[in-house]
Amino acid sequence: MHEAELHDLSDDSDYAASQQQASGSVMRCDSGKSAVSEPNGSEVVYSKDNVTIHPTQYASERISGRLLLVKQGSLFMSWIPYKASTDGVGCVGRSSNSGLTEKDRSLYTIKSVPLSDVRSIRRHTPTLGWQYIIVVLSSGLAFPPLYFYSGGVREFLATLKQHIFIMRSADDANVFLVNDFEDPLQKSLSSLELPGVVSVANRASLRDSLSSVSSADNSERGNQETYDGSASTSEYSVRHKHKAYDPARDLSIQVLEKFSLVTKFARETTSQLFRESHNNGFSPYEKRQQNNYDSPNSVGGRPTDVPKNADVISVASDPLEFDKLPLVWGKQREPPLCLEEWAAFLDSEGRVMDSKAFRKRIFYGGVEHNLRKEVWKYLLGYHEYDSTYAEREYLAAVKRSEYEIIKSQWQSISATQAKRFTKFRERKGLIEKDVVRTDRSVSYYEGEDNPNVAVLRDILLTYSFYNFDLGYCQGMSDLLSPILYVMKDESESFWCFVALMERLGPNFNRDQNGMHSQLLALSKLVELLDSPLHNYLKQADCLNYFFCFRWILIQFKREFEYTKVMHLWEVLWTHYLSEHFHLYMCVAVLKRYRKKIMGEQMDFDTLLKFINELSGHIDLDGMIRDAEALCVCAGESGAACIPPGTPPSLPVETDMGLYPQEDDIL
């Protein structure tokens, strides 16, 4: 594309207005002073107070701070949270962050990110609320949205315009490409817009680059299939007699394809986001591991998969070799919880007497299938552990009545009303397309005109009215399907799904903030627990960890057969060792295959294909044991890698609800 066709900021009324306010090249800070020169020769060219991030959906947990642009040879961006204060000292109207701990303050601080590491900046101007921006790094990872409570987005962009090369994307007027001297159309941030559908032009490349996934979701494999090195097939694929599979409508393929496109231009160094000193406040364990990382060794022990005629590649030794680790978890896996054991946990009125021991027992062994209908209600939060038989019976009646009321809201919409209700038609159409291809190889959902598929649709439609702000997104049917399979009751399945979405709902937010926070935490855990692998992924421009996206989004649903998925989920729902145990399982799988990944020098596309082909070939019990060992070894240092509010952490209850329509400045 020729430069004449590009949109720069000269046609932006916001930019023009800010230029008039700026009065030439001198930018103003909030204090009213001109750009400030620092003793070290740096110059603050932009400063804005009350720039805030929202770690969770609740106003009480927002963190305010100061956004800075500093000129020191190159241009750097920083965001520093205010120190906790209750007296409001500082600029007028500044939030005090009264509940912010020093640990959280350090965790969220953005320290001197060079603008050369920034790929693009997206500006959002919602109808209600404040303007905010999302800064996306060259790796594809994004910082949390920065909300400008006191305005200043125009001034921010104008300052950037004066110091670096920035232009408006030809594909999206709200995206500003930073230091982009090539074709911005192909490299626009729009490739990250997950709700959109893959364009027709991209479908050919989608089929080529993800042929293994496409074949997996369109084939039916036997129960005893063995791995022969070819592309894997899905346990829950849609059989050929059902509606034709459309890869452009499947979320996992959409996401993976679009992230694959992003990495094709993510070739610049973005180490600033992940540059954490192992000698700064970490445990002695981590420092010892760092010393081990400094001397890589050749592959030893188990044979690698590198071809003999290939160059011999030295792979750094694994600082946590599973085969050499002691049994830090204390015990091996146990048989599933049986009826007699379950009864022993209950008192005479039906209360669970020791919820921690109960969750520990399930963590180590799971639950017999005939007990899941009762036990899952506790794990998901539908029942309280201290509730009695009588209270649970009463709750079931009340909840059934509430469900019917909510369901009637969409059932009563006439065809004439539906013509004038675009959002309802869109969601209904999307749900109806998704349910007919969800787990149709499972006997409970197979066959034409299956009534269980209709119930699946009804629950999802009802949830879209129960939580209208979030609505329905592709992938939700994958999470609901096993719940309905176990409960076999529409009302109970709905309320259990509601409880699950209280934790996993942020995975489906349009800004993908929930997913980004988990991918960032995963990156930090890998850096902590396997520094050589982290360094290799950094060198290969794979620090975005988008190849793990499907694992996290739907909790490994596509990676195991149906019965194993149910076992895995009940282990995760115990939250026995960590609410984020699924992230340690991601690390465990990557560590298991680290020699192959590093030895074959996989780039992103090769790694993505390899990860997809692991579907159906991961040892579940071994992965859980490995993840447990990693979680115990990481200890507090591992917990510090995961920001507060990262899904599936349950936010603190407030009167605002999970998805407020309006925000209030505290």
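**Helix packing, cores and two leucine and valine sites in a predicted model**

Q: At what angle do helix 14 and helix 16 pack, and how far apart are their axes?
A: In this predicted model, helix 14 covers residues 451–466 and helix 16 covers residues 490–504. The two helices pack with their axes 10 Å apart, at an angle of about 50°.

Q: Are helix 14 and helix 16 parallel, perpendicular or oblique to each other, and why?
A: The angle between the two helices is about 50°. Angles under 35 degrees count as roughly parallel and those from 65 to 115 as roughly perpendicular, so this value falls in neither class. Helix 14 and helix 16 are therefore oblique.

Q: Is the crossing of helix 14 and helix 16 left-handed or right-handed?
A: The helices in question pack with their axes 10 Å apart. Their crossing is right-handed.

Q: Which residues of helix 14 and helix 16 meet, and how many of the residues in the contact are nonpolar?
A: Helix 14 contributes Val-455, Asp-458, Ile-459, Leu-460, Thr-462, Tyr-463 and Tyr-466. Opposite them in helix 16 are Glu-490, Ser-493, Phe-494, Trp-495, Phe-497, Val-498 and Met-501. By class, two residues of this contact are polar, two are charged and 10 are nonpolar.

Q: Which residues touch the most other members of the largest nonpolar core?
A: The largest nonpolar core has 121 residues. Phe-358 is one of those with the most contacts to other members, and beyond its sequence neighbours up to four places away it touches Leu-337, Trp-342, Phe-345, Val-352, Val-375, Tyr-378, Leu-379 and Tyr-385. A second, separate core of 30 residues includes Ile-53, Ile-121, Phe-156 and Ile-164. In the largest core, the residues asked for are Phe-358, Tyr-545, Phe-547 and Leu-590.

Q: Is Val-589 buried or exposed, and why?
A: Val-589 lies in helix 21, residues 581–592. Leaving aside residues up to four places away in sequence, Val-589 touches Trp-551, Leu-614, Ile-618 and Met-623. Its relative accessibility is 3%, and because buried means under 20%, Val-589 counts as buried.

Q: How far apart in space are Leu-107 and Cys-641, C-alpha to C-alpha?
A: Leu-107 belongs to helix 2, residues 102–108, and at 26% relative accessibility counts as partly exposed. Its contacts, not counting residues up to four places away in sequence, are Ala-640, Ile-642, Pro-643 and Pro-644. Leu-107 and Cys-641 are 534 residues apart in sequence, and their C-alpha distance is 8.2 Å.

Methods: Residues numbered from 1 in each chain as written. Predicted model: local features only at pLDDT ≥ 70, side-chain atom pairs only at ≥ 80, totals over all residues. Heavy atoms only, no water. Helix = DSSP H or I, 4+ residues; strand = E, 2+ residues; numbered from the N terminus. Buried < 20%, exposed > 50% of the residue type's maximum accessible area, 1.4 Å probe, protein only. Contact = heavy atoms within 4.5 Å. Core = buried A, V, L, I, M, F, W, Y, C linked by side-chain atoms within 4.5 Å. Axes fitted to C-alpha atoms, helices over the stretch in contact; angles between N-to-C directions. Parallel < 35°, antiparallel > 145°, perpendicular 65-115°, else oblique. Left-handed = near helix turned anticlockwise from the far one by under 90°. Nonpolar A, V, L, I, M, F, W, Y, C, P; charged D, E, K, R; others polar.
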